[in-house]
Amino acid sequence: MKSFYHSYQSPLRQNQSTSGNPDISQVDANERTTDAQKTESIEELKKLATKSAGLKKQSAVLQLCDIGNQDAFDALLTMLASEDVPLRNLVIELLAEHPLLCEAHLDRLTQHPNCDVRIFAMNILSQVTHDDVEYWILKALDQERDVNVCAAALEALDAIATQNSEQAIRDIKARFAEHEFIQFSADDLLDKIMER
Amino acid sequence: MSNNILVIDDASTVRLFYRSALSSINCAVAEAYNGAEALELLYKAEQQFNLILLDINMPQMDGYEFLKIYRDSELYQAPVIMISTEARENDAIRAYEAGANLYLVKPVTTEILVTVASLLTNNRVQS
Amino acid sequence: MRFADYFYRKTGIRFENSKRYFVDKRISERIKNTNCASFNEYFITLRYDTTGKELQEITNLMTVNETYFFREDYQFRSLVEQMLPEVIAKKQKGQTIRIWSIPSSTGEEAYSIGIYISEYWKDLEHWDVEIISSDIDTIVLEKAKKGIYGDRAVANIPETLREKYFIKLGNDRYLVMKELRDAITFNQVNLVDSGATQDFNKMDIIFCRNLLIYFDNVSRRKAAATLYNALNENGFLCLGHAESMSRISSLFMIRGLSDCIVYQKVTE
């Protein structure tokens, strides 16, 4: 590579740079990881996701998504329930990119005993691209008694709700008749469905 | 003079609700999707903000991180109301320790929003 | 498989429905030029072309961009007044400063950076600066290397600088002077192909303006990771003025400089 020196009056200076060599340590952190890391156990990935930062953290969570079995998903749920905000946000973001993984573990995600996790589940579903997302949300809503989970579900339905959602939205309105915000967002959503 | 209020929440319905609720007092509402977008908006903004309504759980940059950066920066000027779903006693304490002027638990009503917004911006509620 | 899905998988570029007309027009052009009888025949040709030549051709067509010199030049002002001084404060004498301009398109941005640094950065005499400019599109790269522009592209450059850095050809065309052309390295890269971007590293400042808007969420996240990896500690990333990293990634720290917002790689 050439270097740029004050070029107008003077000839270009010779390149003295040694920075053209690829830095091997950075290379593979980008997407997924090296073969050596692929063999890491779920426990190790959990530790890595919790203790590291930046792209290493991202890579560990991605690998758990790739493994995708019961244990890996349990690990992801534990992270969703944790107080580690960057980790939680990463899990939300990356699960949203894995619709089939969400589908495979849908009930454990949407019926988690912790209502914060159920809110995050709705945040995830609001970003997932899958033909059945509306149905998944409605199914989760059916039994839901927490007002903020329902609010998150209405938000998740915002972009995708069809006529199929109408009855469920009216049920929510009735279930939380005393909650101004639920009435507001349910009415807003019903208007949108009518326009669609 | 009208007040400028910045609403930071990832849920568009929540932002719309706050906007609609605050329409009864004399104010202009700006919206941001998360803490990072709010910081960008504040850096670019020509107007000064009198009040910030801040959600806690948001993608990329949550309310706590935003508040920490905001309070340590030259941008800091407006009081901050944190509004979140987290209703445990600890959550309120944590919010105050982080520098929030007020902590409210979701969902909030128009009445409460208008009252606290008026108090914190020294604005009279118009009847 | 749909063309849009195939194209997305290969390039990371997703087309909105609003671009449908644009996409159809470009594909028709390629069907004609490859002598295919139908879209299906063309699509098969494209997918089974092991040389990758046709994919490159259609990619070139799909990523046409209009640009001009000194576009959004408040960022270049920030570059010489704030970013470069911060960069050299953390560098040893003798180390090179690396600046990456991506997508290069036909080179206006990279040359503008070169002119700005040469004209307005007073510390240049003490430092070596490398400017690398990359694009997925090989045809625009060839144009960039040639460095010939119409009068519209150079309209924003002050007269004195135009005279200083360009040679006026006939027909209102301008040739970038050789020293400036030689000072910039143009090369091809696909930002969402992590294998292809691994040689792009140790950058101090990256300009990546109006590229992420072409990507969908997954590709944006990958691109953000690639840009992050390519940066040195404390390095800066500049996006287009209507773009933001705030919904894409939390990897970067947001910095409000006097003229613009930039993203910084800070690892504590």
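**Chain architecture and the A–B contact**

Chain A of this predicted model contains 13 helices and 0 strands. The predicted status of the model applies to every value below. From the N terminus, the elements of chain A read α-α-α-α-α-α-α-α-α-α-α-α-α. The chain has 196 residues, and 36% of them are buried. Contacts in chain A with a separation of 6 or more were also sorted by distance along the sequence. Of these, 61% pair residues 24 or more positions apart.

Chain B combines both types of element, with 5 helices and 5 strands. Along its sequence, the order is β-α-β-α-β-α-β-α-β-α. A compact globule of 127 residues would have a radius of gyration near 14 Å; chain B agrees with this, because its value is 13 Å. Along the principal axes, the C-alpha atoms of chain B occupy a box of roughly 35 × 35 × 25 Å. Buried residues account for 48% of the 127 residues in chain B. Contacts between residues at least 6 apart in sequence were examined in this chain too. In chain B, 67% of them link residues at least 24 apart.

Helix H2 of chain B spans residues 35–44. Its buried residues are Gly35(B), Ala36(B), Glu37(B), Ala38(B), Leu39(B) and Leu42(B). Glu37(B) is thus listed as buried alongside Leu39(B) and Leu42(B). In an α-helix, residues three or four places apart point the same way, because there are 3.6 residues a turn. The cover over the buried residues of H2(B) includes elements of chain B itself: strand E1 (3–8), strand E2 (27–32) and helix H3 (63–72). Chain C also takes part in this cover, through strand E9 (253–256).

Chains A and B meet in a contact that draws 18 residues from chain A and 13 residues from chain B. On the chain A side, the elements giving two or more residues are helix H6 (85–96), helix H11 (147–157) and helix H13 (180–195). Of the elements on this side, H13(A) gives the most, with 6 residues. By residue class, the side of chain A that touches chain B comprises 9 nonpolar, 4 polar and 5 charged residues.

Key: Residues are numbered from 1 along each chain as its sequence is written. Chains are lettered from A and ligands numbered from 1 in the order in which they are written. This is a predicted model: local features need pLDDT of at least 70, side-chain atom pairs count only at pLDDT 80 or more; totals for chains, interfaces and linings use all residues. A residue is buried if 20 or more other C-beta atoms lie within 10 Å of its own, exposed if 12 or fewer, and partly exposed in between; C-beta atoms are placed from the backbone. Helices (H or I, at least four residues) and strands (E, at least two) are DSSP runs, numbered from the N terminus. Two residues are in contact if their C-beta atoms, placed from the backbone, lie within 7 Å. The radius of gyration is taken over C-alpha atoms; the globule rule is 2.2 Å times the number of residues to the power 0.38. Ala, Val, Leu, Ile, Met, Phe, Trp, Tyr, Cys and Pro count as nonpolar, Asp, Glu, Lys and Arg as charged, and the others, Gly among them, as polar.
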